[in-house]
Amino acid sequence: MSRYPKDWQQIALTIKDQAGWRCSKCNRQCLRPGDSTKHLTKSERAKLTLTVHHHNRMPEDNRLENLIALKPQLPLVLPQPPTVKHPARSAIV
């Protein structure tokens, strides 16, 4: 069972359209549906393919403020979860 909604493709398309098919992190223009890619290698196409990510990494949370259009090689930089502080160990003398 997928964690993404049935209309994920439409949601992702909406986010990409709202971003003007530009990466929200680096502002690079990415490929739009129908753009010619004959002159690009497979690797170049992959670098210019826009994807949609969830800020909180929860595919069930599709609020617009939780979604961002990014090139796949630009991961989200999310705050690290709080670390557990261990009590200092007393030195044995």
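## Close-up views of a predicted model

**View 1. Strand β2, covered on both faces.** Strand β2 takes in residues 67–70, and neither of its faces is left open: Leu 67 and Ala 69 are buried on one side, and Ile 68 and Leu 70 are buried on the other. Keep in mind for this view and the rest that the model is predicted. As a reminder, side chains in a regular strand alternate between the two faces of the sheet. The partner here is strand β1, residues 51–54, which pairs with β2 in the antiparallel sense over four bridges. If you want a spot to start from, look at His 54, which stands opposite Leu 67 in β2.

**View 2. Asp 61 and its neighbours.** Asp 61 is found in the loop between β1 and β2. Is Asp 61 buried or exposed? Asp 61 counts as buried, because its relative accessibility is 15% and the cut-off for buried is under 20%. Leaving aside residues up to four places away in sequence, Asp 61 touches His 54, Asn 56, Asn 66 and Leu 67. Two of those names, His 54 and Leu 67, are also the residues that stand opposite each other in View 1.

**View 3. A salt-bridge network around Arg 63.** Asp 61, Arg 63 and Glu 65 are linked in a network of salt bridges. Arg 63 bridges to Asp 61, with the closest N and O atoms 2.8 Å apart. Glu 65 bridges to Arg 63 too, and there the closest N and O atoms are 3.0 Å apart. The three residues cover the whole range of accessibility classes: Asp 61 is buried at 15%, Arg 63 is partly exposed at 43%, and Glu 65 is exposed at 56%.

**View 4. A salt bridge between distant parts of the chain.** How many salt bridges does the structure hold? The count is three, and this view shows the one between Arg 3 and Glu 60, whose closest N and O atoms are 2.6 Å apart. Arg 3 sits in the segment before α1 and Glu 60 in the loop between β1 and β2, so the pair links parts of the chain that are 57 residues apart. Both ends are partly exposed: Arg 3 has a relative accessible area of 47%, and Glu 60 comes in at 44%. In general, side chains of opposite charge can pair when their charged atoms come close.

**View 5. Tyr 4 and Trp 8, a tilted aromatic pair.** The structure has one aromatic pair. Tyr 4 and Trp 8 make it up, with 5.1 Å from centre to centre and 55° between the planes, which puts the pair in the tilted class. Trp 8 counts as buried at 13% relative accessibility, while Tyr 4 is partly exposed at 39%.

**View 6. Cysteines without a disulfide.** A disulfide is a covalent bond between the sulfur atoms of two cysteines. How many does a search of the whole structure find? The search finds zero. Cys 23 is in no disulfide, and the nearest cysteine sulfur, that of Cys 26, is 3.7 Å away. The cut-off is 2.5 Å, so that pair does not count. For Cys 30, also in no disulfide, the nearest cysteine sulfur is that of Cys 23, at 6.0 Å. Both Cys 23 and Cys 30 are tucked out of reach of the probe for the most part: Cys 23 is buried at 2% relative accessible area, and Cys 30 is buried at 3%.

**View 7. Asn 27 and Arg 57, two positive phi angles.** Asn 27 has a positive phi of about 65° although it is not a glycine. Asn 27 is found in the loop between α1 and α2, where it is partly exposed at 49% relative accessible area. Arg 57, not a glycine either, has a positive phi of about 60°. Arg 57 lies in the loop between β1 and β2 and counts as exposed at 56%.

**View 8. Thr 37 in the α1–α2 loop.** Thr 37 lies in the loop between α1 (8–18) and α2 (42–47). Which residues does Thr 37 touch, not counting residues up to four places away in sequence? Thr 37 touches Leu 31 and Arg 45. With a relative accessible area of 25%, Thr 37 is partly exposed.

Terms used:
Residues are numbered from 1 along each chain as its sequence is written. This is a predicted model: local features need pLDDT of at least 70, side-chain atom pairs count only at pLDDT 80 or more; totals for chains, interfaces and linings use all residues. Side-chain values use heavy atoms; hydrogens and water are left out. Helices (H or I, at least four residues) and strands (E, at least two) are DSSP runs, numbered from the N terminus. Buried means under 20% relative accessible area, exposed over 50%, partly exposed in between (1.4 Å probe, protein chains only). Contact means heavy atoms within 4.5 Å. Two strands pair if DSSP finds at least two bridges between them. Rings of Phe, Tyr and Trp (its six-membered ring) pair if their centres lie within 6.5 Å; planes under 30 degrees apart count as stacked, over 60 as edge-to-face and the rest as tilted. A salt bridge is a side-chain nitrogen of Lys or Arg within 4 Å of a carboxyl oxygen of Asp or Glu.
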